[in-house]
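Trainee: I'd like to go through this one by checking labels against their cut-offs. Can you take me through it?

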Amino acid sequence: MNTDEHAFIIGVLDDDRRVLESVGNLLESAGYQVRLFDSGEMFLQTEAMNGIDVLICDIRMPGVNGIEVLQQVSTKRPRLPVILITACSDFDSGGIPETSQRVFRKPIDPTALIDAIAAAVKS
């Protein structure tokens, strides 16, 4: 993990372009470098997992969903902090691997998300 706070790279994975860009802009304004991915396949087919310090991942996406991404992350980079996001009000967080730091429901509280990222990069 990086030691310079402004050098942290946050990966954001969401199939909703508006959410992807909104979260990306929020994180950039907070001083983070951001890498955006609009599908689980895109994220997993690149070397992106090795180049980020925290992953923010939507749970429900077409194709490879967030839980499948989380399972791959848990295997390949078990210490990578993952923050899950979802628009589903009925989502049950039971069974989520321990690599997930937190689950946020959309719309996301920007302050709480920045706080969760700050805690994740310090751990």
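Trainee: Why does Glu21 count as partly exposed?

Mentor: Glu21 has 39% relative accessibility. Buried means under 20% relative accessible area, exposed means over 50%, and partly exposed is in between, with a 1.4 Å probe and protein chains only as cover. So 39% falls in the middle class, and Glu21 is partly exposed. Keep in mind that this is a predicted model, where local features need pLDDT of at least 70, side-chain atom pairs count only at pLDDT 80 or more, and totals for chains, interfaces and linings use all residues. Residues are numbered from 1 along each chain as its sequence is written, and side-chain values use heavy atoms, with hydrogens and water left out.

Trainee: What makes Arg17 and Glu21 a salt bridge?

Mentor: The rule asks for a side-chain nitrogen of Lys or Arg within 4 Å of a carboxyl oxygen of Asp or Glu. For Arg17 and Glu21 the closest N and O atoms are 3.3 Å apart, so the pair passes the 4 Å test. Both residues lie in helix H1 (residues 17–29), 4 residues apart, about one turn of the helix. Helices here are DSSP runs of H or I with at least four residues, strands are E runs of at least two, and both are numbered from the N terminus. Arg17 is partly exposed too, at 44%.

Trainee: How do you know that Asp16 and Arg18 belong to different exposure classes?

Mentor: Asp16 comes out at 24% relative accessibility, so the label is partly exposed. Arg18 reaches 67%, which means exposed. These two residues also form a salt bridge, with N and O 3.5 Å apart at the closest. By the rule, the count comes to 4 salt bridges.

Trainee: What does the pair Lys106 and Asp58 tie together?

Mentor: Lys106 and Asp58 form a salt bridge, again with a closest N–O distance of 3.5 Å. Lys106 lies in the loop between strand S5 (100–105) and helix H4 (110–122) and Asp58 in strand S3, so the pair ties together parts 48 residues apart in sequence. Salt bridges that share partners join Asp14, Asp58 and Lys106 into one network.

Trainee: Which of Lys106 and Asp58 is buried, and which is partly exposed?

Mentor: Asp58, at 4% relative accessibility, is buried. Lys106 sits at 22%, so partly exposed is the label.

Trainee: What makes strand S3 "mostly covered"?

Mentor: In S3 (residues 54–58), 5 of its 5 residues are buried. Val54, Ile56 and Asp58 point one way, and Leu55 and Cys57 the other way. Why the switching? In a regular strand the side chains alternate between the two faces of the sheet.

Trainee: How do you know that S3 pairs with S1 and S4?

Mentor: Two strands pair if DSSP finds at least two bridges between them. S1 (residues 9–13) and S3 have 4 bridges in the parallel sense, and S3 and S4 (residues 82–86) also pair in parallel over 4 bridges. Ile56 takes part on both sides: Val12 is a bridge partner of Ile56, and in S4 the partner of Ile56 is Ile83.

Trainee: Why is the unit of S3, helix H3 and S4 called right-handed?

Mentor: With the strands pointing away from the viewer, a right-handed crossover runs clockwise from the first strand over the helix to the second. S3, H3 (residues 66–76) and S4 make a right-handed β-α-β unit, so the path runs clockwise in that view. The whole chain reads β-α-β-α-β-α-β-β-α.
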